Amino acid sequence: MPVEFKTETPCPSCGKDLYFIFYRTTISYENAIEIETYFCKNCLYKSTRTIPLDLLEEKKISFLVSKRDDLRTILYRSQEARLELPEFGITIDPGENSQGSITTVEGVLQDILDKLDLFVTPDDEYEKLDLLRGTIKGILAGDNHAFTIIVDDPLGKSKIASSRAVEEKHP
Ligand SMILES: [Zn+2]
């Protein structure tokens, strides 16, 4: 299934935001490749590149969520990516049958809240988790509270659709 989302990259032809689409396929000789396309829905500008899967590189993306609008930033998490929110001491490992997912920063926070509710916590942890729950609820309700989201992806396929997201390749 192709994955598609809107980026903050302007179309070189008309200036509207480009859409990013990619999918994995197999061509001759059974080489798996990824096909990445930037597509403008306004003027139909299109730019495509193909990447052999064995050339994909591990990548780490950091994004400082510092203003309310950042909650709407789109995040694509590939099937092997791990999420970290270091200020909250949270790490979310990829699910076993994960297909990857497209969400927003807000969606990630909501997901954490849902998971926190499922935790059975020992009494000494309860206060800490309750504090965390309060902080996250506050952010969702509009509190100004900066925090970092890190996507660590061995496939290097994940993306955070913000010009302020910082990507680094692993050495
Ligand atoms: Zn265009």
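## A tour of the sheet around strand E10

Begin by selecting strands E5 and E12, which run antiparallel and are joined by 4 bridges. In this predicted model, a good place to zoom in is Ser-62, whose bridge partner in E12 is Val-166.

Keep E5, which covers residues 59–65, on display and add strand E10, because the two also run antiparallel and the program that assigns strands, DSSP, finds 7 bridges joining them. To follow this pairing by eye, select Val-65 and then look for Phe-147, its bridge partner in E10.

Next, add strand E7, residues 82–85, which pairs with E10 in the antiparallel sense over 3 bridges. Here the residues to pick out are Leu-83 and Val-151, the latter being the bridge partner of the former in E10.

Now show the whole sheet, which is open, has 5 strands with antiparallel pairing, and follows the order E8-E7-E10-E5-E12. Strand E8 (90–92) and strand E12 (166–169) stand at the edges, and because each has a single partner strand, one side of each is left without a neighbour in the sheet. If you turn the view to look across the strands, you can follow a twist that averages 15° from one strand to the next.

Return to E10, residues 147–153, and ask how many of its residues are buried. The strand is mostly covered, with 7 of its 7 residues buried. In a regular strand the side chains alternate between the two faces of the sheet. Colour Phe-147, Ile-149, Val-151 and Asp-153 to see one side of E10, then use another colour for Thr-148, Ile-150 and Asp-152 on the other side; both faces are covered, and all of these residues are buried.

From here, move to the largest nonpolar core, which has 27 residues, and select Leu-85, Phe-88, Leu-109, Ile-112, Ile-136, Phe-147 and Ile-149, the members that touch the most others. The elements that give two or more residues to this core are E5, E7, E8, E10, helix H1 (105–118) and helix H2 (123–140). Of the contributors, H1 gives the most, with 6 residues.

Centre the view on Ile-112 and ask which residues it is in contact with, leaving aside its neighbours within four places in sequence. They are Leu-85, Ile-90, Ile-92 and Ile-136.

As a last stop, select Phe-20, Phe-22, Tyr-76 and Ala-161, which are among the 6 residues of a second, separate core. For both stops it may help to keep in mind a general tendency: in soluble globular proteins, nonpolar side chains tend to be buried together.

How values were computed: Residues numbered from 1 in each chain as written. Predicted model: local features only at pLDDT ≥ 70, side-chain atom pairs only at ≥ 80, totals over all residues. Heavy atoms only, no water. Buried < 20%, exposed > 50% of the residue type's maximum accessible area, 1.4 Å probe, protein only. Pairing = 2+ DSSP bridges. Axes fitted to C-alpha atoms, helices over the stretch in contact; angles between N-to-C directions. Core = buried A, V, L, I, M, F, W, Y, C linked by side-chain atoms within 4.5 Å. Contact = heavy atoms within 4.5 Å.
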